[in-house]
Amino acid sequence: MTDSLRQAALDYHALPTPGKLSVELTTPAQTQEDLSLAYSPGVAEPVREIAKDPEAAYLYTGKGNLVAVISNGSAILGLGNLGPLASKPVMEGKSLLFKRFAGINSVDIEVEAPSPERFIETVAAIANTFGGINLEDIKAPECFHIEEALIERCSVPVFHDDQHGTAIVTVAGMLNALEIQGKSLGSVRIVCLGAGAAATACCKLLLAAGAKKEQITMLDSRGVIHSGRSDINAYKGEWARDTEMRTLDDAIEGADVFLGVSGPDLLTAAQLAHMAPRPVVFACSNPNPEIAPELAHATRDDLIMATGRSDYPNQVNNVLCFPFIFRGALDVRATRINEDMKLAAIEAIRKLAHQPVPDEVRAGYGGVELSFGADYILPKPTDPRLLPEVAAAVARAAVDSGAARLPYPAHYPLKTL
């Protein structure tokens with residue numbers, strides 16, 4: 001990052017008021033009567049109603065449109081374990097995105113917890129305050145146990161976006177890229193470099209979308225995860241293969257798909273050259289991908305490539321899904337975000353990339369031509385159709401799968417926030 005960009009980022013967060021969030025009033029608070037209704041004695045009436053029926057909290061409070069963004073700061077972006085307080089700018093940023101893209105109110109909560117159990121207890125104790133819980137920047141493998149435990153203990157949806165948001169957008173883009181390359185998910189050989197939260201979630205969702213487990217080779221920092229290794233935890237063990245492959249050189253030979261959720265510059269030009277014809281490369285390490293797009297395209301003129309960066313085509317960006325998944329889930333009062341809802345989001349995002357791009361979106365990207373093809377396999381984050389399309393698909397899937405406590409909303413699909 002240049003000095004000027006670094007200073008601009010610091011100024012953005014400090015000026016004119018520190019932070020990115022504030023609280024606003026939604027009801028009048030000007031007169032004595034207003035205040036008597038807002039607090040004592042008027043507030044006693046909704047208290048009594050909620051005490052009789054907890055569901056009344058959705059009628060008399062902001063619970064139904066409120067998400068908590070919660071972290072312990074153990075895996076902040078690509079910066080590592082810097083602690084809860086250091087994660088606050090990221091959590092505020094996530095809350096900003098919830099409001100900007102889906103009109104969802106959000107509170108960031110940074111938890112000082114010395115163990116996963118303490119974190120679980122803390123979040124479970126406050127979960128009923130909110131309509132949903134978004135977990136963020138929690139390192140693997142603890143994040144798997146934490147999310148599983150909270151899903152079971154909480155009556156509101158719990159969603160670890162680093163896992164599932166990444167996976168949903170990745171699979172949507174992957175399906176479109178394979179379609180363009182004339183390949184199908186059920187027949188391709190996939191190499192996944194990385195074995196953390198995002199990698200595991202991506203591979204699980206690829207299976208749900210039609211990939212074959214025996215066609216997926218996962219690698220961590222020590223090489224291929226194979227059945228002969230004794231240094232892997234139970235979560236990695238799910239992906240252990242009975243194979244003679246040991247290195248990325250071995251695994252990449254003839255592979256159709258490379259999925260990188262690891263670190264910078266770990267895929268070489270020589271390795272890319274050994275992939276199958278018409279390869280698909282998702283190099284999603286941020287800020288520097290596993291292989292630079294310039295090098296990748298210079299090496300192969302038949303590939304489709306995606307990264308996590310906004311300055312290259314085909315950005316894998318979680319904001320394409322998480323605000324709208326929560327919008328749909330909140331509006332049908334879902335108890336969880338299940339696999340059917342994730343697959344519905346994938347399909348909505350995937351199909352949207354096939355449609356003509358609105359002029360307002362193209363204008364925001366310099367007026368360049370945007371149409372379904374090798375450089376446009378995912379919609380842009382500013383596409384206003386994401387809100388109605390993804391939220392509606394998720395809400396419908398929640399209702400059809402039994403995860404919803406309310407019927408499909410009569411006002412759907414949404415027209416505006």
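P413 sits in the segment after helix 17 (386-401). The peptide bond from Y412 to P413 is cis, with omega near -5 degrees. Helices here are DSSP runs of H or I with at least four residues, strands are E runs of at least two, and both are numbered from the N terminus.

This is a predicted model, in which local features need pLDDT of at least 70, side-chain atom pairs count only at pLDDT 80 or more, and totals for chains, interfaces and linings use all residues. Residues are numbered from 1 along each chain as its sequence is written, and side-chain values use heavy atoms, without hydrogens or water.

**Backbone exceptions**

Most residues other than glycine have a negative phi, and most peptide bonds are trans. A second cis bond joins L15 and P16, with omega about -5 degrees. P16 lies in the loop between helix 1 (3-14) and helix 2.

Two aspartates have a positive phi. Burial is judged by relative accessible area: buried is under 20%, exposed is over 50%, and partly exposed is in between (1.4 Å probe, protein chains only).

| Residue | Phi | Loop | Relative accessibility |
|---|---|---|---|
| D137 | near 55 degrees | strand 3 to helix 7 | 3%, buried |
| D265 | near 60 degrees | strand 8 (257-260) to helix 12 (269-273) | 57%, exposed |

**Helices 6 and 7**

Helix 7 covers residues 142-153. Its expected span is 1.5 Å times one less than its number of residues. For 12 residues that gives 16 Å, and the end C-alpha atoms are 17 Å apart, which agrees.

The buried residues of helix 7 are C143, F144, I146, E147, A149 and L150. They pack against several elements, including helix 6 (116-126), strand 3 (132-135), helix 8 (161-180) and helix 9 (197-209). Contact means heavy atoms within 4.5 Å.

Helix 6 buries F119, I120 and V123. These residues cover an arc of only 100 degrees around the axis, so they lie on the same side of helix 6. The arc is taken from the directions between the helix axis and the C-beta atoms. Their cover includes strand 1 (66-71), strand 3 and helix 7.

**A surface patch**

Y39, V43 and V47 form a nonpolar surface patch, with about 310 Å² of accessible area together. Areas come from the Shrake-Rupley method with a 1.4 Å probe; for residues, only the protein chains shown count as cover. Patch members have over 30% relative accessible area and no salt bridge; like charges are joined within 9 Å, nonpolar side chains (Val, Leu, Ile, Met, Phe, Trp, Tyr) within 5 Å. A salt bridge is a side-chain nitrogen of Lys or Arg within 4 Å of a carboxyl oxygen of Asp or Glu.

V43 is found in the loop between helix 2 (32-38) and helix 3 (44-52). V43 is partly exposed, at a relative accessible area of 30%.
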